[in-house]
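Biologist: I'm new to reading protein models, so could we walk through this one together? Let's put it up on the screen first.
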Amino acid sequence: MNEASERATKDGRAHGGGYETIVVTTDSAVGIVTLNRPEALNALNQAMTREIAAAIDAFEADEAIAVIVVTGSERAFAAGADIKEIREKTFTEVFAENFITATWEHIAAARKPTIAAVSGHAVGGGCELALMCDIVVASETARFSLPETRIGAIPGAGGTQRLTRVVGKALAMDMILTGRVLDAEEARAAGLVSRVVPAGTHLEAAVAIGQNIAAASRPIVMLAKEAVNQAYETHLKEGVYVERRLLYATFATEDRREGMTAFVEKRKPVFKNR
């Protein structure tokens, strides 16, 4: 039994089945997707990205799940795309199959909050996978890099766009053009990572954050996520306009009234997720 399977057996209950490259479990209202190709340091091949997409979609549809965590092993979150699989592909092939877009973007498009729990190497596509998540929790052993130019390519799963928005043009250029590796603390200082935790505790920390989020009203959390993404994706005037409309939308929910009433009455709110 490998590391991911042992952890699933010990820490969570199985969710679904038929996966070959990932392990899917739950911990209360938190769904956990563990990348599980240890022989390839979790390199992201098409089978794995299809299964990740399927697991994300299943958790999105599961009313019992409020937050989704994506993680890897202690040694590697994910060591990029599987070069052995794609090195002989042609333009026509990658264009026809909608390479990356067809499967990877399910994480970026998730409406429920997503958390990357990163330990060890997050290289190329692995770094981009983390960047697709809303929150990145890193073990102190985590290392982030986008070295695609070293093999005659460029980041193609959003790396040139998301990394630049997160860390700024200067550092993004440095990382992408030179292959520079950021350790966990450098990544946190740059804004790529929100929390750095002791080695071996990254998944526990991510699940705890997920459970904290799950205690809030789920539709309100989804509205908040949408509002923050507007700041990330558009200019200030349009973003504030969207934020205001989403705030107004909260006044149509029972949970907004309950939350404010509980605050006035000095008690803990009882949310019904509606």
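**Rings, bridges and helix faces**

Modeller: Happy to help, and please keep in mind that this is a predicted model. A good place to begin is helix α4 (residues 91-96), where F91 and F95 sit 4 residues apart and are therefore separated by about one helical turn.

Biologist: How many aromatic pairs does a search of the whole structure find?
Modeller: A pair of aromatic rings is described by the distance of the centres and the angle of the planes. For F91 and F95, the ring centres are 5.6 Å apart and the planes meet at 15°, so this pair is stacked. Searching the whole structure gives an aromatic pair count of 1.

Biologist: Is F91 buried or exposed?
Modeller: To be called exposed, a residue needs over 50% relative accessible area. F95 passes that mark with 62%. F91 passes it as well, because its relative accessible area is 64%, so F91 is exposed.

Biologist: Let's turn to cysteines. Why is there no bond between the sulfur of C127 and the closest cysteine sulfur?
Modeller: A disulfide is a covalent bond between the sulfur atoms of two cysteines. To count here, the two sulfur atoms must lie within 2.5 Å. The closest cysteine sulfur to that of C127 belongs to C133, and it is too far away for a bond because the distance is 11 Å.

Biologist: How many disulfides does a search of the whole structure find, then?
Modeller: Looking from the other side, the sulfur of C133 has C127 as its closest cysteine partner, again too far for a bond at 11 Å. Both residues are buried, C127 with 0% relative accessibility and C133 with 8%. Across the whole structure, the number of disulfides found is 0.

Biologist: Now for charges. Which residues are linked with R37 in a network of salt bridges?
Modeller: Side chains of opposite charge can pair when their charged atoms come close. R37 pairs with E39, with closest N and O atoms 3.7 Å apart, and R37 also pairs with D82, where that distance is 3.0 Å. The partners that share this network with R37 are E39 and D82.

Biologist: How many residues apart are D82 and R37?
Modeller: D82 and R37 form a salt bridge with 3.0 Å between the closest N and O atoms. The pair links distant parts of the chain: D82 is in the loop between β5 (76-79) and α3 (83-86), while R37 is in the loop between β3 (30-35) and α2 (46-61), and the two are separated by 45 residues.

Biologist: Is E39 buried or exposed?
Modeller: Its neighbours in the network give some context, as D82 and R37 are both buried, R37 with 12% relative accessibility. E39 has a relative accessible area of 63%, so E39 is exposed.

Biologist: How many salt bridges does a search of the whole structure find?
Modeller: Another one joins R274 to E254, with the closest N and O atoms 3.0 Å apart. This pair also links distant parts of the chain, 20 residues apart, with E254 in helix α13 and R274 in the segment after α13 (254-264). R274 is partly exposed at 47% relative accessibility, and E254 is partly exposed at 44%. For the whole structure, the count of salt bridges is 12.

Biologist: Which exposed residues are on the face of α8 turned away from its buried side?
Modeller: In helix α8 (residues 169-178), the residues L171, A172, M175 and I176 are buried. Seen down the axis, these buried residues fall within an arc of 120°, so they line one face of α8. The face turned away from them carries K169, A170 and L177.

Biologist: And within what arc do the buried residues of α13 fall?
Modeller: The buried residues of α13 are D255, R256, E258 and A262. They line one face of the helix, because seen down its axis they fall within an arc of 165°.

Biologist: One last thing: which residues form a nonpolar patch on the surface?
Modeller: One member is Y248, which lies in helix α12 (residues 236-250) and is partly exposed with a relative accessible area of 49%. Together the patch has about 420 Å² of accessible area, and its members are L247, Y248, F251 and M260.

Methods: Residues numbered from 1 in each chain as written. Predicted model: local features only at pLDDT ≥ 70, side-chain atom pairs only at ≥ 80, totals over all residues. Heavy atoms only, no water. Buried < 20%, exposed > 50% of the residue type's maximum accessible area, 1.4 Å probe, protein only. Patch = residues over 30% accessible without salt bridge, like charges linked within 9 Å, V, L, I, M, F, W, Y side chains within 5 Å. Areas by Shrake-Rupley, 256 points an atom, 1.4 Å probe, with all protein chains shown as cover. Salt bridge = Lys/Arg side-chain N within 4 Å of Asp/Glu carboxyl O. Phe/Tyr/Trp six-rings, centres within 6.5 Å; stacked < 30°, edge-to-face > 60°. Arc of directions from axis to C-beta.
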